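Reader: Please take me through the contacts that chain B makes, with the cut-offs behind each count.

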Amino acid sequence: MSAGQATPILETRDLLLHFGGVVATDHVSFGLPEGQVRALIGPNGAGKTSFFNLLTGVLRPQGGRIFFKGRDITHMPPYRRVKLGIGRSFQVVNLFPELTVKENVQIAVQASLKQKNHLFERVERQEISRRTDEILSQYEWIRDPDQEAGALIYPEQKKLETILALALEPELVLLDEPTAGVDENDIGLITDMINTLSQNRTILLTDHDIKFVMKIAQRITVMDQGRIISEGTPSEVASDPRVDECYFGGLVECQTTYSS
Amino acid sequence: MSLSPRFRLLLGAAILVLVLLPLLGQPYLIYLLTMSLIFGIFAMAYDLLYGFTGLVSFGHSVFYGLPAYAMGMVAVTVFKYPNPLVMIAAAMLTGLVLGCLIGFVCTFARGIYMALVTFAFAQIIELLVLHDPWGITQGENGIMGLRAAPLSLGGLTVDLFSGVGLYYLVLGLIIASYLVIRALVNSPLGDVFKGIKQNEERLLSLGYNPRPYKVAAFGLSGMFAGLAGAMAVFLNNSIVPSMVDWAVGAEILLITIMGGAGTLIGPIAAAFLIIFAESYAASYLGGGNWVYVMGGLYIAVVMFLPGGIFRTRYLKKAFV
Amino acid sequence: MTSLIITQILNGLTIGLIFALVAIGLTIVMGLMEVVNFAHGSFYMFGGYITFFVFSAVGSFWLGLVVAPVACAILGLGLYYAIIRPLRKRHPLEPLVALVGVAMICRQLIRNIWGAEPKLLPIPFGRVQVSLAGAEFTYPIYFFVVMGVGVAALLALYLLFRKSDVGIRCLAAIQDRDTAMSMGVNVDRIGSLMLVIVMGVAGLAGGLVGPIFSVYPTMGLELIGLLFVIAIVGGLGSIGGAVIAGVTIAMTKSISSIFVSGNISDILAYCVLLAILLIRPRGIMGLATVME
Ligand SMILES: Nc1ncnc2c1ncn2[C@@H]1O[C@H](COP(=O)(O)OP(=O)(O)O)[C@@H](O)[C@H]1O
Ligand SMILES: [Mg+2]
């Protein structure tokens with residue numbers, strides 16, 4: 001799937017967000033063609049998570065618009081955006097800590113089955129648990145689905161976080177640093193998850209692991225201080241003078257800290 | 001989730017004891033047991049809202065008291081139609097509708113502010129009941145002298161105003177309520193309720209609008225609270241303004257927390273503890289001094305049994 | 001009629017200031033420690049009874065007004081170390097249950113010592129001729145004194161939170177506890193200090209109302225619900241908000257009581273609260289996210 005030809009599934013125009021004096025998203029105009037795997041990279045505090053929060057409705061912009069599949073979703077509440085087909089994972093693990101792993105997945109599965117239906121419409125319980133079991137069985141590391149999610153070790157919680165986002169089966173998946181805090185093997189696992197997924201979905205992800213990003217992304221957007229400073233294929237971005245050397249050095253450092 | 005075998009045994013034994021206790025033939029004991037069971041139903045209703053959905057209500061007295069007045073309207077003051085099934089249905093329906101209405105309004109606010117809206121509603125309703133501007137609650141006197149035909153349930157006939165008959169009815173109802181609420185909290189809908197309690201933000205990001213679910217939790221809680229209120233009317237043969245006193249709502253909150261929010265069985269146990277402690281302390285200590293025992297009990301349980309009598313963290317799995 | 005309305009406005013102002021004084025203590029404890037202090041009303045009651053006790057023992061109401069806050073402050077410290085501190089890591093509703101127990105015990109204790117009947121303190125000073133907006137009437141001087149003391153106490157609290165180091169730290173902790181703690185604010189120490197201060201203030205308020213409402217065992221419990229609403233509607237940690245909310249409620253009650261019976265004026269007061277809660281779901285001056 002080559003980029004640029006497909007219609008943009010997601011588009012932002014002049015998107016603006018500031019926290020007091022800090023400009024987190026500085027007039028960002030961004031387009032994402034359907035079916036692409038895009039990485040959004042940039043140093044810590046560049047505004048990647050804030051951008052995700054704007055896209056999903058967790059935060060409201062002070063200016064600009066957001067379009068999804070041609071629809072203006074700027075003022076739509078978060079849950080309606082999910083129903084339209086935007087799913088996300090969080091950088092900082094954000095689960096239901098006292099529910100079991102299985103129940104966590106169940107909530108997401110239930111949501112995906114309900115998505116196009118009415119609020120209280122009965123979704124067959126068997127269907128929910130069948131789908132849940134199907135998802136759970138894909139991951140060997142889940143040994144005890146009846147364990148409370150809060151009791152999992154951090155890398156497992158992080159993986160569960162990604163699983164929840166995927167269980168929604170959204171058309172557009174936003175993954176906020178899926179590899180942060182997980183070890184080398186898991187990065188392979190997550191890469192596989194994303195590769196399987198990307199066959200019929202659009203993916204936008206942020207990550208500090210530059211090797212992972214270079215491998216998985218079709219195109220890369222670089223953000224710094226709330227602004228998009230470069231965009232292109234992985235090799236284009238790597239050789240872009242605006243994305244200076246020391247910045248890439250920083251990323252490699254990051255990668256070593258995370259994987260240690 | 002299923003019950004652990006040991007716990008099933010315990011529960012079975014407890015039910016057996018409750019079934020056999022009337023054989024002792026002590027009317028006052030029956031009265032206290034019935035009252036405990038009624039508060040047990042009420043506490044489970046509260047637990048559904050607070051323990052599972054994480055919503056705090058400071059005005060639950062209205063869901064207990066107003067359905068009682070609805071019964072009074074059906075049987076005495078307005079329709080004069082003392083059919084027991086209609087009366088009970090009216091009470092539960094009132095609880096359900098009132099729960100949805102108050103739930104709808106109060107969930108505009110969140111957290112402690114939401115709880116305060118329930119409190120303001122409770123105060124307004126209590127004052128209205130006392131003031132009786134439309135002549136249906138009979139003010140401070142309340143509604144006395146209810147009559148209702150015996151309730152016939154598939155061959156069984158229960159005289160609702162006889163101690164033992166009502167006791168067995170309420171025992172049956174609390175078991176039924178427990179099974180229904182337990183099935184509810186373990187259903188997909190229950191998962192969403194628990195999700196609201198634990199992480200509402202995440203629920204939004206999974207595509208749920210939490211508000212209708214919150215309203216539903218209020219409505220369901222109100223319905224079971226209304227059932228409890230209805231049974232209290234039969235037990236006391238009166239409908240008095242103290243049923244809508246916000247202190248009743250406060251007491252059920254205390255009972256739920258003492259028993260262990262989110263355990264269902266814990267709050268029932270706490271209801272027994274409080275009703276019996278209150279009654280025995282009152283009869284042994286004159287002049288209102290039983291309050292020392294109750295106050296001390298509240299303090300002691302919180303101090304020494306964190307998470308309630310049925311310590312949520314450790315035993316929740318086994319007990320839900 | 002005009003004089004009646006003005007009298008009721010003055011009454012509303014006096015009572016509203018008292019409400020605010022007590023409610024501020026609730027918001028500070030709630031904001032700082034996430035403790036819903038149900039026993040707060042008991043300290044208001046203690047204040048009233050201690051003032052009464054001093055008055056009946058030595059004959060001086062004013063000495064009572066000095067002793068009451070000091071005694072309540074010490075009792076407050078006791079409450080902090082006995083109940084609040086040991087339960088500080090629990091879910092906020094657990095200390096609430098214990099504090100309800102404390103409030104029940106306090107009320108019965110007072111009842112056992114002084115009986116259930118109200119004790120009226122004689123109202124100091126006489127009445128003064130007032131001419132305001134074309135109306136002539138007499139009004140008790142004492143009410144003006146209460147307003148004066150109330151305003152002075154509120155001002156002192158305001159200065160404490162705006163000018164003193166510990167007050168500023170306290171406000172910071174109310175706004176964002178974790179950040180404040182990570183910046184070296186000792187929430188524990190500030191908590192005990194604040195409890196001493198706000199309980200003293202509640203005691204003072206209880207003493208002040210003695211000659212107005214008389215003192216009786218349920219005076220605290222009766223008020224606690226309303227106080228919570230004022231505290232939270234006003235906004236956690238906001239003195240101005242508490243004053244606005246307290247005076248609004250007291251005014252609604254006192255002015256509407258000219259036209260309708262007491263019950264209806266209470267209903268109106270709660271309707272006003274309901275409206276405020278729904279229009280400003282975070283309180284009038286809400287900096288509060290703590291309790292959500
Ligand atoms: N809730 C918030 N309040 C204030 N500032 C914030 C908040 N969230 C993010 N920021 C600021 O916005 C900027 C962008 O942060 P973020 O979006 O988390 O960046 P990234 O995800 O790229 O590391 C940072 O300077 C951060 O300090
Ligand atoms: Mg980030």
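Author: A salt bridge here is a side-chain nitrogen of Lys or Arg within 4 Å of a carboxyl oxygen of Asp or Glu. The model is predicted, so local features need pLDDT of at least 70 and side-chain atom pairs count only at pLDDT 80 or more, while totals for chains, interfaces and linings use all residues. Residues are numbered from 1 along each chain as its sequence is written, chains are lettered from A and ligands numbered from 1 in the order in which they are written, and side-chain values use heavy atoms, with hydrogens and water left out.

Reader: Which residue of chain B meets A:Glu103 in a salt bridge?
Author: The rule finds 2 salt bridges across the interface of chain B and chain A. One of them has an N to O distance of 3.5 Å. On the chain A side it uses the side chain of A:Glu103, and its partner is B:Lys194.

Reader: Which helix gives the largest share of the side of chain B that touches chain A?
Author: Between these chains, 13 residue pairs are in polar contact (N or O atoms within 3.5 Å, one able to donate a hydrogen and the other to accept it; residues adjacent in sequence count only if both atoms are side-chain atoms), both residues at pLDDT 80 or more. Helices H7 (188-198), H8 (200-205), H9 (210-236) and H13 (312-319) of chain B (DSSP runs of H or I, at least four residues, numbered from the N terminus) each supply at least two residues of this side. The largest share, 7 residues, comes from H7(B).

Reader: How much area do chain B and chain A bury between them?
Author: Buried area is the accessible area (1.4 Å probe) that two parts lose on being put together, summed over both. Carbon and sulfur atoms hold 56% of it here, and the total is about 2,500 Å².

Reader: How many residues does chain B bring to its contact with chain C?
Author: Contact means heavy atoms within 4.5 Å. Chain C takes part with 44 residues, and chain B with 39.

Reader: How many charged residues are on the side of chain B that touches chain C?
Author: Across this interface the rule finds 0 salt bridges. Helix H5(B) gives the most to the chain B side, with 14 residues. By class (Asp, Glu, Lys and Arg charged; Ala, Val, Leu, Ile, Met, Phe, Trp, Tyr, Cys and Pro nonpolar; the others, Gly among them, polar), that side has 29 nonpolar and 9 polar residues, and the charged count is 1.
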